[in-house]
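Grab a coffee and open the viewer. Below are a few exercises, each followed by a solution that goes step by step.

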Amino acid sequence: MTEIHKQYRQALTPRELYAERITTLTEEIRQLNRHNRLVVVLELSAIALAVGCVVAYTMWSNVAALVVAVLFIATYVAIRWRDSRNSQMAEEKESLRSVYQKELNYLDGDFSGFASGEQYVNPRHAFTLDLDIFGPQSLFHRINRTVTTGGSDFLARELAETRVRTIDEIDARREAIRELSEKEPLRTTFMAQGRGRQINTADILEALHEVQQLKISRLAAHRLTHIAAIGSIIVFYGLLAGAIFGPLSGTFPMLWVLLQILAVYLLFGRTLKRINQSINIILPRLSTYVNMIMLIVTADLKSREGRDIISHLSADKQDALKSFRLLKGIINALDQRNEIWVPISNALYLADYFIVRRFLLWQDRYMGHIDEWITAVSHFDALVSMATFRYNEPAATDAELVDADEVVYEARGLYHPFLGAKAVRNDFTIADQHYYIITGANMAGKSTFLRSVGINYVLATCGMPVFADSLRLSLFSLFSSMRTTDDLAHGISYFNAELLRLQQLIETCRQNRHTLIILDEILKGTNSLDKLNGSRLFLQSVASLPITGIIATHDLELSKMQEQYPSRFHNYCFEIKLSDEITYTYRLTEGVARNQNATYLLKNILKSTLS
């Protein structure tokens, strides 16, 4: 790619690039499909002419007819190879087009082409349920592009990590994500390997462990059988040459061919069947893994994490490539076996024997590294998703990480990533061991703002860009309580569930040096007075712990905590304007909300319903 072409690519927005690639691929697929129809005609013609020449040789013993038959068979093989290659290219381009189309859909707010991560939803987790990390329309749903379940699990672990990372870890991750975000062809090709279906990593590992333990005859791996096989092939072509150019009858090479086919079937037919049964179950998925591994090890990755992934694939890069290509060759050879081609290939070059031999040698040399390879692929798979998210969100920016033994959170123009261009941005600064009481009417923006604070922290600590004009923060523990639910199956009421969540919060905070807590309506499950007294008691008690907190509430009385503890508690609000209609500004300001909307809205509903 020329420098001018690179600059042109960089100037395109994600939407423009995806649309352009879809148009180009659509035309390329059309051309390949038209070419494939012609190839099919040529294949049928070549095989028909070869059969005709064999019939002519049988009837009139014309050696020239046999030579021409061999040439037509060779032509058929060449055309078939070309046909297979064209079909593969068309399939690859179709997969690439599908990837680009899904990314265009993503930019339009349609995430249906990606797994939502609903299996990772955990109400007991410190923050993932409250911050919409997993499930439909979640952060995971927006980020996830994983091809494997192992990659999905890796991405989920990163988003749900409760351990406080180091700045060096985050910088290394950010470097890897930034590098991959700039390698659009690599990312897209990698994502296209899944062909629209996610590979179950656990199934692959289980199947490969079965292959590793497969007890089959070692005869094909022995040096003597190797020498005998090569010798048999030489004898066959010697007899064939003698029949064509010398005095030998064509019966001799024919008999030798039959003996070869019979010997291969008797000695290796059962072994090959067992290999085929074991591998055929995972054949398409294993082939995909081979392609993905080859993409990774041949990628020119400079980031620390990228190089580390490659080193885990193999201590010696060349040996890794050799093993992957060998395995792919075995897979392709097994895939191409069919009732027509098996006797021909065994007659010409003892194909089944060499497949068994190659498999045995690969099993001995490389099978022990498969777990390490698949773990590395899962790691890279997750990074591709993160990098694609970064590429798709050019308006986002990198957070500034500070090394401080306290909670630091200074945001300018902070907004929720799910809202996009329509989001109202707010400035907000959190000081260590201070508490921020946020009041406001229903639907005024309190909960969305709380989630904006939390979800951007999660993004920053995962090395991904944040949605703010600027965000400066330290590294601390995060805990939220916003979506407590009852559990009737275990006899846990809503109020009891709230108490258990607050107990979990306190235990978590005691285990961590600094924690930011995000709470939405403490003790919602009780009456107003009891809720107020309980909320005050809770905040007064946890104020002695190394906790910093943001608390959203409808209870304006709770804002009086600032009067009692002016150095620790601060009031902020989302105010609304009441007139003929309600105006929501979604602007965070200092102070206590004066206007509420519940009664106003209910009056309007009753008026319109009962009148």
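**Exercise 1: a salt bridge between two strands**

Arg472 is partly exposed, with a relative accessible area of 30%; here buried means under 20% relative accessible area, exposed over 50%, and partly exposed in between (1.4 Å probe, protein chains only). Before going on: this is a predicted model, where local features need pLDDT of at least 70 and side-chain atom pairs count only at pLDDT 80 or more, while totals for chains, interfaces and linings use all residues. Residues are numbered from 1 along each chain as its sequence is written, and side-chain values use heavy atoms, with hydrogens and water left out.

Task: find which residue forms a salt bridge with Arg472.

Solution.
- Start with the cut-off: a salt bridge is a side-chain nitrogen of Lys or Arg within 4 Å of a carboxyl oxygen of Asp or Glu.
- The partner is Glu400, with the closest N and O atoms 3.6 Å apart.
- Glu400 sits in strand β1 (residues 400-401) and Arg472 in strand β5 (residues 470-473), so the bridge ties together parts 72 residues apart in sequence. Helices (H or I, at least four residues) and strands (E, at least two) are DSSP runs, numbered from the N terminus.
- Glu400 is partly exposed too, at 44% relative accessible area.

**Exercise 2: more salt bridges**

Task: say how many salt bridges the structure holds, then look at a few of them.

Solution.
- The count is 25.
- One of them pairs Lys93 with Glu28, N to O 2.9 Å at the closest. Lys93 is in helix α3 (residues 63-107) and Glu28 in helix α2 (residues 14-60), 65 residues apart, and this pair links distant parts of the chain.
- Glu169 and Arg163 also meet through their side chains, at 3.1 Å, N to O. Both ends are partly exposed: Glu169 has 33% relative accessible area, Arg163 43%.
- For a network, pick out Glu158, Arg165, Arg173 and Glu305, which salt bridges link.

**Exercise 3: the six-stranded sheet**

Task: work out the strand order of the open sheet of six strands.

Solution.
- The order is β6-β7-β8-β4-β9-β10, with mixed pairing; two strands pair if DSSP finds at least two bridges between them.
- At the edges are β6 (477-481) and β10 (582-590), each pairing on one side only.
- Strand β7 (residues 515-520) and strand β8 (residues 547-553) run parallel and are joined by six bridges. Leu519 has Ile551 in β8 as its bridge partner.
- Now add helix α17 (residues 446-461), which packs on the sheet and touches β4 (435-440), β6, β7, β8, β9 (569-578) and β10. Contact means heavy atoms within 4.5 Å.
- The direction of α17 makes about 155° with that of β7; axes are lines fitted to C-alpha atoms, for helices over the stretch in contact, and angles run from 0 to 180 degrees between N-to-C directions.

**Exercise 4: going inside**

Task: find which residues have the most contacts inside the largest nonpolar core.

Solution.
- A nonpolar core is a set of buried Ala, Val, Leu, Ile, Met, Phe, Trp, Tyr and Cys residues joined through side-chain atoms within 4.5 Å.
- The largest has 154 residues, and Leu159, Tyr409 and Leu539 have the most contacts inside it. Helix α16 (residues 370-392) gives the largest share, 13 residues.
- Zoom in on Leu539: leaving out residues up to four places away in sequence, its contacts include Tyr435, Ile437 and Ile551.
- Finish with helix α7 (residues 184-192): seven of its nine residues are buried, so the helix is largely enclosed by the rest of the structure.
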